[in-house]
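Visitor: I would like a close look at a single part of this model, one helix together with whatever packs against it. Please take me through that part and then outward to its surroundings.

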Amino acid sequence: MNILAFSGSLRKDSFNTALLDAFVAAAPEDVSIERADISTLPLFNEDAEAAFPQAAADLKAKIRAADGLLIATPEYNRSIPGVLKNAIDWTSRPYGDNAWDGKPVYVIGASIGPVSAAIAQYDLKKVMLYLNAHVLGQPEFHLGLAQGKFDAAGVLTDEDSKGYVRKALEAFVSHIRMVTARPS
Ligand code: FNR
């Protein structure tokens with residue numbers, strides 16, 4: 001099983017990127033989790049769709065080839081970061097060629113506050129539902145007060161959170177199996 005993972009933060013020491021690394025570390029042998037690069041995409045401009053950017057076309061192909069998509073979003077001003085929305089907008093276009101259609105998706109998030117990106121996660125779930133992705137509802141994944149849960153190298157060290165990551169990944173793998181086993 002092949003999962004493509006998106007971090008909504010471009011920051012080098014991002015907790016959301018480090019959280020994805022914790023999912024990678026928890027993955028069983030038959031599950032591979034690869035990080036998507038959204039940093040090279042141009043700013044979305046509908047005029048540019050006619051000469052579709054190669055970086056966006058490549059990302060769409062990776063989304064379509066993946067069995068599932070894992071998205072870790074920070075919360076910026078109670079919503080998702082612009083860089084993440086930019087990537088979603090490119091990969092949903094041109095109209096009628098939305099790469100997220102029918103894909104199993106799991107939304108997770110980390111923040112330094114106690115709200116743990118919950119509001120941003122709900123905004124992202126709304127976007128994913130509109131794009132007809134199969135969004136996993138439970139378990140919700142909230143990593144609040146993230147600054148106390150990783151070591152200086154960005155490794156998740158909080159034992160409760162590590163258990164939470166293992167259970168969440170198991171649930172997502174089951175969700176992917178259920179969605180992909182459905183007749184189309
Ligand atoms: C934030 N932060 C933040 N946190 C939160 O819980 N709710 C919020 O609405 C916001 N708003 C916000 C806006 C902007 C522009 C920034 C830069 C930050 C703090 C945020 O949780 C913190 O910076 C995280 O560390 C961002 O995630 P990464 O980069 O560590 O993955």
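Guide: What covers the buried residues of helix 4 includes strand 3, helix 3, strand 4, strand 5 and strand 6. Please keep in mind throughout that this is a predicted model.

Helix 4 itself takes in residues 118–130, and its 13 residues reach 19 Å from the first C-alpha to the last, close to the 18 Å expected at 1.5 Å a residue. The residues of helix 4 that are buried are Ala120, Gln121, Leu124, Lys125, Val127 and Met128. Seen down the axis of helix 4, these buried residues fall within an arc of 160°, so they line one face of the helix. The face turned away from that buried side carries Lys126, Leu129 and Tyr130, which are exposed. After helix 4 comes Asn132, whose phi is positive, near 65°.

Among the elements that cover helix 4 is strand 4, and this strand deserves a careful description of its own. Strand 4 spans residues 104–110, and seven of its seven residues are buried, so the strand is largely enclosed by the rest of the structure. The burial applies to both faces of strand 4, with Pro104, Tyr106, Ile108 and Ala110 on one side and Val105, Val107 and Gly109 on the other.

Strand 4 also has pairing partners. Strand 3, residues 68–72, pairs with strand 4 in the parallel sense over four bridges, and within this pairing Ala72 stands opposite Ile108 of strand 4. Strand 5, residues 134–135, pairs with strand 4 in the parallel sense over two bridges, with His134 of strand 5 standing opposite Pro104. Strand 6, residues 142–143, is likewise parallel to strand 4 and pairs with it over two bridges, and here His142 of strand 6 stands opposite Gly109. Each of these partners, strand 3, strand 5 and strand 6, is also among the elements that cover the buried residues of helix 4.

Helix 3, which is among the elements covering helix 4 as well, spans residues 82–91 and makes a right-handed β-α-β unit with strand 3 and strand 4. Within helix 3, Lys85 forms a salt bridge with Asp89, the closest N and O atoms being 3.0 Å apart. Both of these residues lie in helix 3, four residues apart, about one turn of the helix. Lys85 counts as partly exposed at 32% relative accessibility, and Asp89 is partly exposed too, with a relative accessible area of 23%. Elsewhere, Glu46, Glu49 and Arg93 are joined into one network by salt bridges that share partners.

Strand 3 and helix 3 lead on to helix 2, for what covers the buried residues of helix 2 includes strand 1 (2–7), strand 3 and helix 3. Helix 2 has 12 residues, 54–65, which at 1.5 Å a residue should span 16 Å, and its end C-alpha atoms are 16 Å apart, which agrees. Ala56, Leu59, Lys60 and Ile63 are the buried residues in helix 2, and they cover an arc of only 105° around the axis, which puts them on the same side of helix 2. On the other side of helix 2, Gln54 and Ala65 are exposed.

To place the salt bridge of helix 3 in its wider setting, a search of the whole structure finds 10 salt bridges. Side chains of opposite charge can pair when their charged atoms come close. One of these salt bridges joins the side chains of Asp13 and Lys12, at 3.6 Å from N to O, and both Asp13 and Lys12 are exposed. Another joins the side chains of Asp30 and Arg177, at 3.8 Å from N to O. Asp30 lies in the loop between helix 1 (15–26) and strand 2 (32–35), while Arg177 lies in helix 5 (residues 159–181), so this pair ties together parts that are 147 residues apart in sequence. Asp30 is partly exposed, with a relative accessible area of 46%, and Arg177 counts as partly exposed at 45% relative accessibility.

Conventions
Residues numbered from 1 in each chain as written. Predicted model: local features only at pLDDT ≥ 70, side-chain atom pairs only at ≥ 80, totals over all residues. Heavy atoms only, no water. Buried < 20%, exposed > 50% of the residue type's maximum accessible area, 1.4 Å probe, protein only. Pairing = 2+ DSSP bridges. Right-handed = clockwise from strand over helix to strand, strands pointing away. Expected span 1.5 Å × (residues − 1). Arc of directions from axis to C-beta. Contact = heavy atoms within 4.5 Å. Salt bridge = Lys/Arg side-chain N within 4 Å of Asp/Glu carboxyl O.
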